[in-house]
Amino acid sequence: MSSQSIILLRHSLVACICAAAMQYSYAENVTSFESALAKVQSYQTQDKPWQQVQQISELNIQQSRLWQNPSISLEQSGFGSGQEQEFNVGVSQPLDLFGQRKLNRVIANTSNQQIQLQQQLWKAQSQLIVKFAWSQFALAEVEQSAYSVQLKTSKVNLDSAQKRYQAGSIALVDFERAQIEALEIQRLYEQAMLNKQAAGRQLSNLWGGETSSHLQLNKTAIPWPEQSLQTVQRYIAEGWLEKFYALNIQQSDHQIENLRIQARPNPTLNVGMKRSKTPNESNDTTLAIGVAIPLNIFNRQQYAIPMVQQQQILLNQQQQRELKQQILDIANSMHQLKGLRSQFDATTAQVTLATKVQSRTLLGFQAGKLSITDVQQATTQLQNLRLGQLQTLRQAWQTALAAEALSIGTSYEEISRSDAYTQLNKKAVEASQNLINGGAR
């Protein structure tokens with residue numbers, strides 16, 4: 001091998017080692033929701049969808065300031081040398097006496113305000129999607145830890161049963177019962193490990209599918225949704241939905257005003273020049289100025305305006321009902337979350353007591369005072385309490401996330417979809433398409 005090849009190989013190895021070290025340190029950095037959110041934002045903002053939407057919105061504002069294009073007409077009559085020839089040139093320019101351009105600018109500015117609000121809601125919803133994925137991984141971590149502890153307990157039970165069986169103190173069927181229990185716990189533990197890996201992949205997909213093998217959460221802390229109440233209160237205080245609904249009403253007002261402008265006879269200025277040439281070679285040039293005024297006799301938007309007004313009333317009523325229902329649902333969720341916390345604390349005390357009972361039952365079995373059935377009953381009771389505690393924790397997270405989703409105008413079903421972030425990014429595309437369609441009219 002030549003010296004140049006050795007040098008290239010050495011540089012390649014160094015680059016691979018550095019890349020692996022950087023990837024390891026970057027992946028290992030995810031230890032909490034905040035670190036996961038920072039990583040997702042760093043990855044997802046590379047496309048910068050809302051910056052592009054904002055640029056489109058600014059262009060839409062510029063577009064709204066433009067005048068209508070004039071039209072030019074050319075007409076020639078008399079082509080023979082012995083005929084009277086006439087050449088007409090005319091330019092028509094629609095005037096804006098009733099404020100159509102001004103209204104267009106107001107509509108464009110309102111759309112820009114909606115884009116800014118949609119961007120804030122998009123950011124809040126993206127955080128909620130990350131929080132859901134993180135909570136699923138945290139819950140899977142709790143589940144795996146619970147089965148890990150239960151697996152150790154079942155192994156101790158199996159060792160004790162084996163010793164007593166070898167000593168002839170219990171029957172073979174009792175020892176086999178302990179084996180069945182240990183194998184079942186082993187199966188459940190492996191299933192919990194698969195669930196944790198799947199949740200880790202779902203979380204890591206949000207930052208580009210990077211391996212989740214280095215996700216390390218704080219196992220000593222209970223992943224209870226402590227901050228949900230403050231988050232919901234902050235979102236409600238921001239009043240994003242009220243502002244967004246108010247802008248919807250403004251758009252309806254603009255639509256009514258636009259119909260009123262269309263109902264008025266907006267004139268068109270016509271400027272023309274006519275040049276005539278007779279057979280005796282005499283020329284005559286005439287300048288003509290006129291105004292074309294439409295006669296709004298039959299269609300004065302007399303039905304379209306009341307239709308939009310009635311639609312506006314329905315829209316306002318619907319939005320008020322939605323806001324009221326959202327507040328009620330959020331209040332119910334927060335009340336339910338408080339009750340779930342009480343249940344969780346009560347189950348925690350039960351788990352502590354059941355752990356002591358199981359340990360004492362095992363000691364009694366090892367001493368020959370209790371049967372293997374007593375040990376299995378105590379172990380099963382402990383396992384059921386731990387699973388009940390986990391179920392309460394899952395329900396608490398679902399309730400908390402549902403309340404947070406309602407406070408920003410979305411739902412738990414939307415943020416819990418496997419393609420939630422993809423669907424969220426589609427909203428930016430739809431917002432830009434709405435701007436383009438609105439500006440094209």
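A residue is called buried when its relative accessible area is under 20%, exposed when that area is over 50%, and partly exposed in between (1.4 Å probe, protein chains only). By this criterion Ser407 is buried, with a relative accessible area of 6%. The structure is a predicted model, in which local features need pLDDT of at least 70 and side-chain atom pairs count only at pLDDT 80 or more, whereas totals for chains, interfaces and linings use all residues. Residues are numbered from 1 along each chain as its sequence is written, and side-chain values use heavy atoms, with hydrogens and water left out.

The confidence of the predictor in each residue is expressed as pLDDT, on a scale from 0 to 100. The mean pLDDT of the protein is 87, and 89% of the residues reach 70 or more. Among the elements, helix H1 (residues 3–28) has the lowest mean pLDDT, 42, and H9 has the highest, 95. Over residues 1–28 pLDDT stays under 50, and the model has 12 contacts beyond four places in sequence for this stretch; a contact means heavy atoms within 4.5 Å.

The secondary structure comprises 11 helices and four strands. These elements are DSSP runs numbered from the N terminus, namely helices (H or I, at least four residues) and strands (E, at least two). Of the 441 residues of the protein, 37% count as buried. Among contacts with a separation of 6 or more, 80% are accounted for by residues 24 or more positions apart. The accessible surface is about 26,000 Å², and carbon and sulfur atoms contribute 54% of this surface; areas were computed by the Shrake-Rupley method with a 1.4 Å probe, and for residues only the protein chains shown count as cover.

Two helices were compared with their expected span, defined as 1.5 Å times one less than the number of residues. For H8, the 63 residues should span 93 Å, and the end C-alpha atoms are 88 Å apart, which agrees. Just after H8, Gly368 takes a positive phi of about 85°. For helix H9 (residues 372–407), the 36 residues should span 52 Å, and the distance of 53 Å between the end C-alpha atoms agrees with this value. Gly409, which follows H9, has a positive phi near 85°. Ser407 lies in H9. Leaving aside residues up to four places away in sequence, Ser407 touches Val232, Tyr235, Ile236, Leu241 and Ile330.

A second buried position is found in helix H4 (residues 100–166), which contains Asn112. The relative accessible area of Asn112 is 12%, so Asn112 is buried. Beyond four places in sequence, Asn112 touches Gln54, Ser57 and Ile61. Asn112 and Gln54 are 58 residues apart in sequence, yet their C-alpha atoms are 7.7 Å apart in space.

Most residues other than glycine have a negative phi. Gln301, however, has a positive phi near 55°. This residue lies in the loop between strand E4 (283–292) and helix H8 (304–366). Gln301 counts as buried because its relative accessibility is 14%.

By contrast, Leu74 is exposed, with a relative accessible area of 62%. Leu74 lies in strand E1 and, with Ile72, Phe87 and Val91, makes a nonpolar surface patch of about 380 Å². Strand E1 (71–77) and strand E2 (85–94) each supply at least two residues of the patch. Patches are made of residues with over 30% relative accessible area and no salt bridge, like charges being joined within 9 Å and nonpolar side chains (Val, Leu, Ile, Met, Phe, Trp, Tyr) within 5 Å. A salt bridge is a side-chain nitrogen of Lys or Arg within 4 Å of a carboxyl oxygen of Asp or Glu.
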